[in-house]
Amino acid sequence: MNWPSPAGTAITEGPLSAALSAGVQGLAAAAASTDGVAPLSEDTLLHVRHGSGTPARDLVVTTADGTLAGYAHLDAPDEAQDGDASGELVVHPGHRGHGLGRALSSALIAGTGIAGTGGAGVRLWAHGELPAAVGLAKAAGYTRFRALWQMRMPLASLAPGAPAAAAPAGVSLRTFRPGADEEAWLTVNRRAFAHHPEQGSWDMQDLLLREAEPWFDPDGFFLAERDGRLAGFHWTKVHPDGGAGGAPIGEVYVVGVDPGQQGGGLGRALTLAGLRHLRERGLAEVLLYVDEDNTAAVRMYTALGFSRWSTDAMYRHR
């Protein structure tokens with residue numbers, strides 16, 4: 001199916017061929033270099049590289065000579081998001097200012113078949129909340145719906161040799177065992193993020209895709225156990241060139257505590273265990289993402305030494 005697009009361009013739907021997949025990755029890299037912020041999330045890039053599931057959709061916009069000028073991804077409608085579908089789009093820096101972003105957004109809305117039905121709609125991320133993305137969202141009738149902060153801190157602020165935060169009584173820490181801990185981790189992850197639209201929906205395929213990534217390191221994936229059962233976790237990640245001057249930077253990738261195990265400082269102890277691991281790897285800096293309205297988490301991270309670095313915003317069209 002084709003959708004309206006500016007003269008000399010065409011919007012078509014995937015699936016993405018190997019050539020288009022490589023093209024989208026190159027397009028995203030060009031946009032990141034120009035904008036100073038990645039336009040596509042890790043999850044979307046995994047879809048680009050390994051293929052989207054059947055309900056998900058990939059749209060590309062090409063020029064008359066076949067040049068890839070833009071890309072949009074939309075996940076299937078999700079009941080955890082009130083039936084909304086969420087996604088991302090990016091236009092190549094060399095093809096901006098010609099209405100391609102607006103055309104891709106309109107194609108996503110038209111193609112879902114859900115606009116105007118029971119309040120369901122489309123949600124799009126604006127990474128870095130850049131002025132052009134904000135302008136596009138407003139012009140296309142979107143409203144700001146959610147904000148995700150990126151926070152950072154220097155790992156030097158963790159004093160070498162200082163004692164780690166004590167875990168609650170009866171809790172022990174160990175690292176993740178690939179091939180053995182997946183089911184238990186997925187169960188606790190679902191419980192810990194039952195109301196989180198992205199993290200709480202992970203399945204085995206989502207986990208295994210990340211275990212196959214070059215950055216995956218089980219030694220940086222900490223599990224807390226009580227009475228032989230998983231109580232919480234802190235999964236860390238290292239970006240090879242995301243820090244100052246292209247230096248490596250660590251990430252508090254995801255911290256979760258089983259709702260039945262909360263209290264007693266388990267979340268803080270897990271966070272500090274991961275931070276110390278990243279510092280011992282020689283990293284100078286660490287980042288994390290947290291919802292702007294998660295005041296308890298923001299307060300804890302601020303107390304540890306994190307401060308806000310940038311904001312990703314989600315915009316909704318109903």
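User: Which residues are linked with Glu 42 in a network of salt bridges?

Analyst: Asp 43, Arg 210 and Lys 237 are linked with Glu 42 in that network. The model is a predicted one.

User: What makes Lys 237 and Glu 42 a salt bridge?

Analyst: Their closest N and O atoms are 2.6 Å apart. The cut-off is 4 Å between a side-chain nitrogen of Lys or Arg and a carboxyl oxygen of Asp or Glu. So the pair qualifies as a salt bridge. Lys 237 sits in strand 9 and Glu 42 in helix 2 (residues 42-50), 195 residues apart.

User: Why is Lys 237 called buried?

Analyst: Its relative accessible area is 9%. Buried means under 20%, so Lys 237 falls in that class.

User: Why does Glu 42 count as partly exposed?

Analyst: Glu 42 has 25% relative accessibility. Partly exposed runs between the 20% and 50% limits, so the label fits Glu 42.

User: How do you know that Arg 210 is buried?

Analyst: Arg 210 has a relative accessible area of 2%. The limit is under 20%, so Arg 210 is buried. Its place is in helix 6 (residues 204-211). Beyond residues up to four places away in sequence, Arg 210 touches Glu 42, Asp 43, Leu 46, Trp 202, Trp 215, Phe 216, Trp 235 and Tyr 253.

User: What makes the pair Arg 210 and Glu 42 a polar contact?

Analyst: The side chains are joined at 3.0 Å. The distance limit for N or O atoms is 3.5 Å, so this pair is within it.

User: Why does Glu 251 have no salt bridge?

Analyst: The nearest side chain of opposite charge is Lys 237, 4.6 Å away. A salt bridge needs 4 Å or less, so that pair fails. Glu 251 is buried all the same. Glu 251 lies in strand 10 (residues 249-257).

User: Which side chain does Glu 251 meet in a polar contact of 2.5 Å?

Analyst: That of His 239. His is not counted as charged, so the salt-bridge rule does not cover this contact.

User: What makes Glu 13 and Arg 57 a salt bridge?

Analyst: Their closest N and O atoms are 3.3 Å apart. With the cut-off at 4 Å, the pair therefore counts. Glu 13 is in strand 1 (residues 9-13) and Arg 57 in strand 2 (residues 57-63), so the bridge ties together parts 44 residues apart in sequence. By this rule the count comes to 16 salt bridges.

User: Arg 191 forms a salt bridge with Asp 258. Is each partner buried or partly exposed?

Analyst: Arg 191 has a relative accessible area of 43%, so Arg 191 is partly exposed. Asp 258 has 9%, so Asp 258 is buried. The closest N and O atoms of the pair are 2.7 Å apart. Arg 191 lies in helix 5, while Asp 258 is in the loop between strand 10 and helix 7 (266-280).

User: Why is Trp 185 called buried?

Analyst: Its relative accessibility is 0%. The limit is under 20%, so Trp 185 is buried. Trp 185 is found in helix 5 (residues 182-192). The buried residues of this helix also include Glu 182, Leu 186, Val 188 and Asn 189.

User: What do the buried residues of helix 5 pack against?

Analyst: They pack against helix 6, strand 8 (221-226), strand 9 (229-239) and strand 10. Trp 185 itself is in contact with residues including Leu 207, Phe 221, Phe 233 and Val 254.

Definitions and conventions: Residues numbered from 1 in each chain as written. Predicted model: local features only at pLDDT ≥ 70, side-chain atom pairs only at ≥ 80, totals over all residues. Heavy atoms only, no water. Helix = DSSP H or I, 4+ residues; strand = E, 2+ residues; numbered from the N terminus. Buried < 20%, exposed > 50% of the residue type's maximum accessible area, 1.4 Å probe, protein only. Polar contact = N/O pair within 3.5 Å; in protein donor to acceptor, adjacent residues only side chain to side chain. Contact = heavy atoms within 4.5 Å.
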